[in-house]
Amino acid sequence: MKPKATTERASSMSLTCPSSPLRVQFRLFVFVALFSACLIGVSVASVSSSAAPLPSEQQNLRQAAPSTLTIGGMFPLTGRLASGGVQREAAARIAVENINADPTILPSTTLEMIVQDTHTQPSFGLQIMLDFATIGVSGVIGAASSSVSGVAAMAGSIYDIPQISYSSTSSELSNKEIYPFFSRVVPPDSQQGEALARLCAYFGWDRVAALSTTDAIGTQTIEIFTNMAEKEGIRILSYNTFPPNTRPSGSGPNPDMDSLRSSLLTIKSTGAKIILIAALVGDAQVALREAVNLGMTGPDVVFVGTDAVVQEGLFLNEDGSFDSETANALRGMIGSRPKSASGPLYEAFLDDWEMRDPSQYPGAGTRSINAFAPFAYDVIYTFARAADQIFRNGEEFTHSHYLEV
């Protein structure tokens, strides 16, 4: 894995459906009030201080600030989350460039980000974190998937490396005894699972089946959903799982696909009309296409997806074309996802995004952007502002000083 570096000097949750590139309209319920997020927000993180540094701060900056501050970036540029991952990486790069062009933040330091592809695989995340430790990065941005962030954070804690994720939502990552240097700008699944249960109760859906992958992104959300569903008087007709990274059937044996098909048939046998699915978007895509093949869709069936499911890539084929057949079969699907930011600063961010060359910044060139890409932009600014304050205090960048600010 050859690292790619850039050294140029640049809020809540709502329930909705993934938009399609062909503008196929999905008429969905919007349920904003249920789910609030921890997003620092583009409208906050990208505010530049207009005040000039105090004389003491200027002296501290000259003495404490290094000429270059290197951070590691972990993004899913290939694999199950690649459709959104490339946009998150592009947004983070734009943040690095904007910070390096802004004389009010890290004025004596060039921010450098070394990017690595996690492939949405925990084994890659572990190796990347170890590589970053060898390089001596000051902090790490990412990863996208909770399973990747978890193993990376455990390794990072050995080397005292601060880590901020832009989209890892597992509640397990909130355990500071296990992940002392991990933080994030998105809400944990504990909020999402409860919100989805309340959503079902709101619409009077008292008989629900659940499907998830066997990893934490699936099982933890369903566990929280189930606990809240019981309080809301919702009956779980069936809960079934399938392995992550399940691929469609080929010419040979495919035990993972057999497991998925068996789980779906079990759910179908219950007669469930409301089906909750918790998985990464690539896994959800395989599962939902198989559900269509098994005749589990129709005007009286509603699939409910978590934020990891309801993403732009859900209805895209491998070549980037729109899968209208699956999208039409799942018309009416509802789910949770980060609500877009708003305000003049966010509009300025979209102006910047729209003007960028999509050949260099994947997904740019329009005002449409992956739901988690602004969070990736935010984490760069969050880290940079923390470092800037440390240097203004006349201190070197260390994990303890980072945690203090």
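# Notebook: cavities, a pocket and parallel strands

**Entry 1, enclosed space.** I began with the largest cavity, whose volume comes to about 80 Å³. Of the 13 residues that line this cavity, I noted Ala144, Ser167, Leu280, Ala308 and Gln311 as the closest to its centre. Sorted by class, the lining of the largest cavity holds 6 nonpolar, 5 polar and 2 charged residues. I keep in mind throughout that this is a predicted model, and that the values in these entries are computed from it.

I then turned to the second largest cavity, in which about 50 Å³ of space lies. Its lining draws on two stretches of my list, with Thr297, Gly298, Val301, Val302 and Phe303 written down before Ala329, Leu330, Arg331, Gly332 and Met333. By class I recorded 6 nonpolar, 3 polar and 1 charged residues for the lining of the second largest cavity.

**Entry 2, the whole protein.** For context I looked up the overall composition, and found 13 helices and 13 strands in the protein. Of its 405 residues, 55% count as buried, while the accessible surface comes to about 16,500 Å², with 51% of that surface belonging to carbon and sulfur atoms.

**Entry 3, an open pocket.** Next I examined the second largest pocket, which has a volume of about 630 Å³. I counted 26 residues in its lining, and those that lie nearest its centre are Gly282, Gln285, Leu316, Asn317 and Glu318. Helix H3 (82–100), helix H8 (255–270) and helix H9 (281–293) are the elements that give two or more residues to this lining. Which element gives the most to the lining of the second largest pocket? I found that H9 does, with 7 residues. The class count for the lining of the second largest pocket reads 6 nonpolar, 13 polar and 7 charged.

**Entry 4, strand E11 and its partners.** I followed H9 to the strands on either side of its path, and recorded that E11, H9 and E12 make a right-handed β-α-β unit. Strand E11 (residues 274–278) is mostly covered, since 5 of its 5 residues are listed as buried. Which residues of E11 point one way and which the other way? I wrote down Ile274, Leu276 and Ala278 for one way and Ile275 and Ile277 for the other, and all of them are buried.

E11 runs parallel to strand E9 (residues 207–213), and 5 bridges join the two; within this pairing, Ser212 has Ala278 of E11 as its bridge partner. E11 also runs parallel to strand E12 (residues 302–305), here with 4 bridges, and I noted Gly305 in E12 as the bridge partner of Ile277.

**Entry 5, strands E4 and E5.** I looked up a second crossover, beginning with strand E5 (residues 110–117), where 7 of the 8 residues are buried and the strand is therefore mostly covered by the under 20% cut-off for relative accessible area. Strand E4 (residues 68–75) and E5 pair in the parallel sense over 8 bridges, and Thr70 stands opposite Glu112 in E5. From E4 the chain crosses through H3 to E5, and I recorded this β-α-β crossover as right-handed. H3 is one of the helices I had already listed for the lining of the second largest pocket.

**Entry 6, backbone details in loops.** I checked the loops for unusual backbone angles, and first wrote down the peptide bond from Gly142 to Ala143, which is cis with omega near 0°. Ala143 is found in the loop between strand E6 (139–141) and helix H5 (146–158), and Ser145 lies in the loop between E6 and H5 as well. Ser145 has a relative accessible area of 5%, so it counts as buried. I also noted that Ser145 and Thr169 are 24 residues apart in sequence and 8.0 Å apart in space, C-alpha to C-alpha.

Thr120 has a positive phi of about 55° although it is not a glycine, and its place is in the loop between E5 and helix H4 (122–135). Asp160, also a residue other than glycine, has a positive phi near 55°, and its place is in the loop between H5 and strand E7 (163–165). Are these two residues buried or partly exposed? Thr120 is buried, with a relative accessible area of 1%, whereas Asp160 counts as partly exposed because its relative accessibility is 32%.

Methods. Residues are numbered from 1 along each chain as its sequence is written. This is a predicted model: local features need pLDDT of at least 70, side-chain atom pairs count only at pLDDT 80 or more; totals for chains, interfaces and linings use all residues. Side-chain values use heavy atoms; hydrogens and water are left out. On a 1 Å grid over the protein atoms alone, a cavity is a set of points where a 1.4 Å probe fits but cannot get out, and a pocket is an open set with protein on both sides within 12 Å along at least five of seven lines; lining residues have an atom within 4 Å of a point. Grid points are joined across faces, edges and corners, and a volume is the space filled by probe spheres set on the points. Ala, Val, Leu, Ile, Met, Phe, Trp, Tyr, Cys and Pro count as nonpolar, Asp, Glu, Lys and Arg as charged, and the others, Gly among them, as polar. Buried means under 20% relative accessible area, exposed over 50%, partly exposed in between (1.4 Å probe, protein chains only). Two strands pair if DSSP finds at least two bridges between them. A crossover is right-handed if, with the strands pointing away from the viewer, the path from the first strand over the helix to the second runs clockwise. Accessible areas come from the Shrake-Rupley method with a 1.4 Å probe; for residues, only the protein chains shown count as cover.
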